[in-house]
Amino acid sequence: MATSVLDRIGNTPLLELRRIVPPGCARILIKLEGENPTASMKDRMALAMIECGERSGRLKPEGRVVEYTGGSTGVSLSLICAAKGYELSIVTSDAFSIEKRRHMAALGAELTIIPSHGGGMDAALTRNMVAAARRICEQTGAFWTDQLNNEDQLTAYHAMADEILSQTQGRIDAFVQATGTAASVRGIAEGFHRRERRVHIVAVEPKESAVLSGGESGVHKIEGVGAGFVVPLWRADLADEILPVTTDEAMAMTRRLARLDAVFSGTSTGANLVAAIDIGMRLGPKATVVTIMCDSGTKYLSTALYGEGGHQSK
């Protein structure tokens, strides 16, 4: 029996996709991170950042935490701060779903909303959120988890790599993951390397803002990824390949995943699957590709992904 909701973070199942995988494709396994308490993989990294802050003394008992976020990290921090008794200030934006903002508020977070340009994510919005978080930190003396720069979160993804290797019995040829702060791609790649497993690492980014691929920064609507600039935690030497995916491709795949394999997820998961199938078709049916269900579709019911007629798309 769990003694805290935090005990339920991690050790999520790995599911083999069936109907959505085309003939001739590699076996595609998806890590069901929607099984975490807030239905997001970010529960892992949020807990790691808070616990490292506690151990180092940077986060004092009954202290305050501050972070800027597209939503999922904020929801995860809201859960953890509620469970541990910390006050939390979150900087977010109207570019991200109302479900995430309401979830954070329900868990007790104080929200600062930064206006977006037309409801899209771009480099300017990221920088404006960072600046607002910095101001709150300076005014309140809060512990800033600073996910864009904080390497403490990497330990959570090293552990996730261990889970994947255990669940696949080490039989994995490629790993595919969408890139926001780059912590998950980097941490999982490092985790494989620590176990001396050679895995083809594929980073996914929005095609409209393919800065890791050397393109121009632009506006996209794949929540939680594509900051619009090369993020500090990014390590190009750990990625064997970068695949850009458009918002439309990601949304269409997300909807297909729900209908064909009953995995109800967010847009970044669809982007992952577009890239995973691309890689899987190149590797062939004897290979195994692992990717991630980053979060649940319940976080996006009001957005263009599932609302506003999106659910009717074929």
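This briefing covers the strand pairing, aromatic contacts and salt bridges of the structure above. The model is a predicted one. It contains an open sheet of four strands with parallel pairing. The count of aromatic pairs comes to three, and that of salt bridges to 16.

**Sheet**

- The strand order in the open sheet is β5-β4-β3-β6.
- Strands β5 (110-114) and β6 (143-144) stand at the edges; each has a single partner strand, so one side of each is left without a neighbour in the sheet.
- Strand β4 (residues 87-93) runs parallel to β5 and is joined to it by five bridges.
- Within this pairing, S89 stands opposite E110 in β5.

**Aromatic pairs and a charge over a ring**

- Among the three aromatic pairs is that of F175 and F192, whose ring centres are 5.9 Å apart; because their planes stand at 80°, over the 60 degrees required, the pair is edge-to-face.
- F175 belongs to strand β7 (residues 174-178) and F192 to helix α6 (residues 183-194), so their pair ties together parts that are 17 residues apart in sequence.
- Both F175 and F192 are buried.
- F264 and Y306 form a tilted aromatic pair, with 4.7 Å from centre to centre and 45° between the planes.
- F264 lies in the loop between α7 (247-261) and α8 (267-283), whereas Y306 lies in the segment after β10 (288-293); the pair therefore ties together parts that are 42 residues apart in sequence.
- F264 is partly exposed at 31% relative accessibility, while Y306 is buried, its relative accessible area being 10%.
- R127 places its charged end over the ring of F229, at 4.5 Å from the ring centre.

**Salt bridges**

- In helix α8, R282 forms a salt bridge with D278, and the closest N and O atoms are 3.0 Å apart.
- R282 and D278 are four residues apart in helix α8, which means that about one helical turn separates them.
- R282 counts as partly exposed at 48% relative accessibility, and D278 is likewise partly exposed, with a relative accessible area of 34%.
- One network, joined by salt bridges that share partners, comprises E151, R186, E190, R235 and D237.
- Within that network, the side chains of R235 and D237 meet in a salt bridge at 2.5 Å, N to O.
- R235 is partly exposed, with a relative accessible area of 32%, whereas D237 counts as exposed at 55% relative accessibility.
- A further salt bridge links the side chains of R18 and E16 at 3.6 Å, N to O.
- R18 counts as exposed at 57% relative accessibility, and E16 as partly exposed at 27%.

Note on methods
Residues are numbered from 1 along each chain as its sequence is written. This is a predicted model: local features need pLDDT of at least 70, side-chain atom pairs count only at pLDDT 80 or more; totals for chains, interfaces and linings use all residues. Side-chain values use heavy atoms; hydrogens and water are left out. Two strands pair if DSSP finds at least two bridges between them. Helices (H or I, at least four residues) and strands (E, at least two) are DSSP runs, numbered from the N terminus. Rings of Phe, Tyr and Trp (its six-membered ring) pair if their centres lie within 6.5 Å; planes under 30 degrees apart count as stacked, over 60 as edge-to-face and the rest as tilted. Buried means under 20% relative accessible area, exposed over 50%, partly exposed in between (1.4 Å probe, protein chains only). A charge sits over a ring if NZ of Lys or CZ of Arg is within 6 Å of the ring centre and within 35 degrees of the ring normal. A salt bridge is a side-chain nitrogen of Lys or Arg within 4 Å of a carboxyl oxygen of Asp or Glu.
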